[in-house]
Amino acid sequence: MTADLARRVWQHREGFGSDFTHRYGLHRLVHAESHETILQAIAREKALKRWPRAWKVRLIERGNANWNDLYDSII
């Protein structure tokens, strides 16, 4: 969760701020959601973390079937 998605994605690409993304070489933004409040965003993030991987893959593929990097569309 972040208030500045473009900056956060840039940080991930540069290897800052997340051991997970650095460790696994994750550099593409394939899904993002916007929420009205921080509380809604936190609740959604917690819910998604509990989802099985297959559900997450289906969520991504519904909105981004080719798993394209969405970074250029947010900067």
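The backbone oxygen of Asn68 sits 2.7 Å from a polar atom in the side chain of Asn64. That is a good place to enter this model, which is predicted. Asn64 belongs to the loop that runs between helix H4 (53–63) and helix H5 (71–74).

Is Asn64 buried or exposed? Asn64 is buried. Its relative accessible area is 6%, and the cut-off for buried is under 20%. Now set aside the neighbours within four places in sequence. Asn64 is then in contact with Val30 and Leu70.

Next, the charged pairs. How many salt bridges does the structure hold? There are three. Take them in turn.

One joins Arg13 to Asp69. The closest N and O atoms of this pair are 2.1 Å apart. Arg13 is part of helix H1 (residues 5–14), while Asp69 is in the loop between H4 and H5, so their salt bridge ties together parts that lie 56 residues apart in sequence. Arg13 counts as partly exposed, at 29% relative accessibility. Asp69 is partly exposed as well, with a relative accessible area of 32%. The loop between H4 and H5 thus holds Asn64 and also Asp69. Asn64 is buried there, whereas Asp69 is partly exposed.

Another salt bridge brings together the side chains of Arg44 and Glu33, at 2.8 Å from N to O. Where do these two residues lie? Arg44 is in helix H3 (residues 38–50). Glu33 is in the loop between helix H2 (19–24) and H3. The two are eleven residues apart, and the pair links distant parts of the chain. Arg44 has 24% relative accessibility and counts as partly exposed. Glu33 is partly exposed too, with a relative accessible area of 34%.

The remaining pair is Arg7 with Asp4. Their side chains meet in a salt bridge of 3.8 Å, N to O. Arg7 is partly exposed, at 44% relative accessibility. For Asp4 the relative accessible area is 33%, so Asp4 is partly exposed because its value falls between the 20% and 50% cut-offs.

Put the pieces side by side. In the loop between H4 and H5, the side chain of Asn64 has a polar atom 2.7 Å from the backbone oxygen of Asn68. From that loop, Asp69 pairs with Arg13 of helix H1. Elsewhere, Glu33 pairs with Arg44 of helix H3, and Asp4 pairs with Arg7.

Notes
Residues are numbered from 1 along each chain as its sequence is written. This is a predicted model: local features need pLDDT of at least 70, side-chain atom pairs count only at pLDDT 80 or more; totals for chains, interfaces and linings use all residues. Side-chain values use heavy atoms; hydrogens and water are left out. Helices (H or I, at least four residues) and strands (E, at least two) are DSSP runs, numbered from the N terminus. Buried means under 20% relative accessible area, exposed over 50%, partly exposed in between (1.4 Å probe, protein chains only). A polar contact is a pair of N or O atoms within 3.5 Å; within protein, one must be able to donate a hydrogen and the other to accept it, and residues adjacent in sequence count only if both atoms are side-chain atoms. Contact means heavy atoms within 4.5 Å. A salt bridge is a side-chain nitrogen of Lys or Arg within 4 Å of a carboxyl oxygen of Asp or Glu.
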